Amino acid sequence: MVDPRARPGSAIRIWAGGLAVAAMLILVAVMIPTRGHLARDLAGSAGWWYVARASGLMAWWLLAVAVVSGLLMAARLISGSARIRIQSLHEFTGVLAVVFTALHLISVFATSSLRITLWQLLIPFSRSVNPVAQGCGVLSCYLLASVGLTSWARGALPWRWWRRLHLLTFPLFALVCAHMALAGTDIANPGLHWVSLVAGAVILFLTVLRLFTRRPAHRPGADAADAPGLGVPALHEPREHTRPSVAPPAAGSGMSML
């Protein structure tokens, strides 16, 4: 029998996936000049250019949502069914960030006007034009792959090692922001400025709150109690209102990005 507590998480995944795809399509449509025609502008390399811009913005936004949702769990500001929803959102937006990053790389490579080679997609600071932006982008991809792969394999890794590797999410997000600021065509958009400001303020506030509410490491079971503090699935967290024989929700079997 399916645990009813898993249903809110499934609904969150459906909504997050649908909204992400819809938002990207809207971004592509908004980016196309009004004087042009949609079908003509989406054909060939020009279409890949719009997809590259939209997918890059979506990957950044989804990573920001993953970081914020992970910090919400870390600061222990939510509990109960709301925590299951936030955990599911955290895990699934992390997966979506990987997907949209892959789409961004493919579309950037397919845009002939950018003249980006496979070597430049793999080796940081190898592009003669704007090497810092290119280097930040390549390094962020490697960090994203590291966090994603270790999240999937966290059951086979020692908790302390997994936790240290998972903290790479913070330099990863910083590199993504630097890449967007240095190479982003849409960085001058006022709307993007406000979204960046709000996201940065929320992340800074939750990070500081997490540091001040962190439990002492010498307490018995401190490692297990701190597991959700980095966005680890709730199966590591002691439950106060459930019987010991009740199994934890299945939502903890997915990817955790923070």
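This section describes the largest pocket, a nonpolar surface patch and two contrasting residues in a predicted model.

The largest pocket encloses about 820 Å³ of space. Its lining comprises 36 residues, and those closest to the pocket centre are H104, V108, H179, A183 and G184. Several helices take part in the lining: α3 (45–74), α4, α5, α6 (131–152) and α8 (169–183) each contribute at least two residues. Of these, α3 provides the largest share, with eight residues. Sorted by class, the residues that line the largest pocket are 22 nonpolar, 11 polar and three charged.

On the surface, F109, L118, W119, L122, I123 and Y142 make up a nonpolar patch of about 630 Å². Helix α5 (residues 118–122) accounts for the largest share of the nonpolar patch, namely three residues. W119, one of the residues of the patch, is located in helix α5. The relative accessibility of W119 is 58%; because exposure is assigned over 50%, W119 is classed as exposed.

Q87 belongs to helix α4, which spans residues 81–110. In contrast to W119, which is exposed, Q87 is buried. The relative accessible area of Q87 is 2%, and the limit for burial is under 20%, so Q87 falls in the buried class. The C-alpha atoms of Q87 and A66 are 9.3 Å apart in space, with a separation of 21 residues in sequence.

Conventions: Residues numbered from 1 in each chain as written. Predicted model: local features only at pLDDT ≥ 70, side-chain atom pairs only at ≥ 80, totals over all residues. Heavy atoms only, no water. Helix = DSSP H or I, 4+ residues; strand = E, 2+ residues; numbered from the N terminus. Buried < 20%, exposed > 50% of the residue type's maximum accessible area, 1.4 Å probe, protein only. Patch = residues over 30% accessible without salt bridge, like charges linked within 9 Å, V, L, I, M, F, W, Y side chains within 5 Å. Areas by Shrake-Rupley, 256 points an atom, 1.4 Å probe, with all protein chains shown as cover. Salt bridge = Lys/Arg side-chain N within 4 Å of Asp/Glu carboxyl O. 1 Å grid on protein atoms, 1.4 Å probe; cavity = no way out; pocket = protein on both sides within 12 Å on 5 of 7 lines; lining within 4 Å. Points joined across faces, edges and corners; volume = space filled by probe spheres on them. Nonpolar A, V, L, I, M, F, W, Y, C, P; charged D, E, K, R; others polar.
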